[in-house]
Amino acid sequence: MSVIDIRRPDLMFPDVADKVHAPPIAEQSRDSSKTGDDKRSFVQLVRPHLGDAHSLARWITGDRSGAEEVVQEASSRAFRAIRTAAGARPRAWLLTIVRDCAYTWLQKHQGKPLTRSGFHGVEDKQSGRARACNPSDTTITASSEARHLEAAIFALPAPFRETLVLRDMLGLSYSEIAEVTDGPIGIVMSRLADARGRVIRTIGRKSS
């Protein structure tokens, strides 16, 4: 059990399963048999982790449509490089590509206001439906707490936010996070502890 229980991305992002699909693959090889092997490898190695890819992209970009662009680009890159994935840990390998694409997307859109439509937009719709069905104080309180947690995590500096998400939401090991973020395990552990502490302090201030 982690200090912050955010290991259920389906609760924070309930539409992820519906939105994430493997992209249409336009790249064709002259050798059709090799192309078929690449497609099978993509299905086996990449497709099972597209939900995690989408969650990471949304936490980094803070934008639903931006995250979808990131995942499409990362999936295309993964397909083109699928033969280099042999022997690698598929999820960490894919998330490394997603992270790179996400920061490239952020650089491209630097200076443009982000709507954070991947966060409060989803949360507000879900809480609105919940209140319509059950207008209890418990439902409203839970929705409020989820928004506070989400805001506290999103307010973290990017290196701390991605470390927290990779560990406490997506459940990667320290060594996998070090691989994805291209840093030593000691830095991963330090950032994680710092990120958790910041989130706890932020939520504590809002609830006091």
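User: Helices (H or I, at least four residues) and strands (E, at least two) are DSSP runs, numbered from the N terminus; how many of each are there in the protein chain?

Analyst: Happy to start there. This is a predicted model, where local features need pLDDT of at least 70, side-chain atom pairs count only at pLDDT 80 or more, and totals for chains, interfaces and linings use all residues. Residues are numbered from 1 along each chain as its sequence is written, and side-chain values use heavy atoms, without hydrogens and water. Along the sequence the pattern reads α-α-α-α-α-α-α-α-α-α-α, which amounts to eleven helices and zero strands.

User: Which element has the lowest mean pLDDT?

Analyst: On this confidence scale from 0 to 100, the protein chain averages 77, and 66% of its residues score at least 70. Helix α10 (residues 174-181) has the highest mean among the elements, 97. Residues 113-136 stay under 50 throughout. At the other end from α10, the lowest mean, 37, belongs to helix α7 (residues 120-133).

User: For residues 113-136, how many contacts beyond four places in sequence does the model have?

Analyst: Contact here means heavy atoms within 4.5 Å. The stretch 25-29, where pLDDT also stays under 50, has nine contacts beyond four places in sequence. For residues 113-136, the model has 49.

User: Which helix supplies the largest share of the largest nonpolar core?

Analyst: Such a core joins buried Ala, Val, Leu, Ile, Met, Phe, Trp, Tyr and Cys through side-chain atoms within 4.5 Å, buried being under 20% relative accessible area. The largest one has 43 residues, and Trp-93, Leu-94 and Leu-170 are among those with the most contacts inside it. Helices α4 (50-61), α5 (64-80), α6 (90-108), α8 (137-154), α9 (158-169), α10 and α11 (185-207) each supply at least two residues. The largest share, nine residues, comes from α6.

User: Which residues does Leu-170 contact, leaving aside neighbours within four places in sequence?

Analyst: Leu-170 is one of the core residues with the most contacts inside the core. Beyond those neighbours, its partners are Asp-52, Ser-55, Leu-56, Arg-91, Leu-95 and Val-165.

User: At what angle do α4 and α5 pack?

Analyst: Their contact includes Leu-50, Ala-53 and His-54 of α4 and Arg-64, Gly-66 and Ala-67 of α5. The axes, lines fitted to C-alpha atoms over the stretch in contact, are 8 Å apart. The angle between their N-to-C directions is about 130°.

User: Are α5 and α6 parallel or oblique to each other?

Analyst: Among the residues making this contact are Val-70 and Ala-74 of α5 and Trp-93, Val-98 and Trp-105 of α6. The axes lie 9 Å apart at an angle of about 130°. Angles under 35 degrees count as roughly parallel, over 145 as roughly antiparallel, 65 to 115 as roughly perpendicular and the rest as oblique. The two helices are therefore oblique.

User: Is Glu-162 buried or exposed?

Analyst: Glu-162 sits in helix α9. Beyond four places in sequence, Glu-162 touches Ile-60, Arg-99, Tyr-103 and Thr-181. Because its relative accessibility is 3%, Glu-162 counts as buried.

User: How far apart in space are Trp-59 and Glu-162, C-alpha to C-alpha?

Analyst: Trp-59 lies in helix α4, and at 1% relative accessibility it counts as buried. Trp-59 and Glu-162 are 103 residues apart in sequence. In space, C-alpha to C-alpha, they are separated by 7.4 Å.

Key
pLDDT is the predictor's confidence in each residue, from 0 to 100. Buried means under 20% relative accessible area, exposed over 50%, partly exposed in between (1.4 Å probe, protein chains only). Axes are lines fitted to C-alpha atoms, for helices over the stretch in contact, and angles run from 0 to 180 degrees between N-to-C directions.
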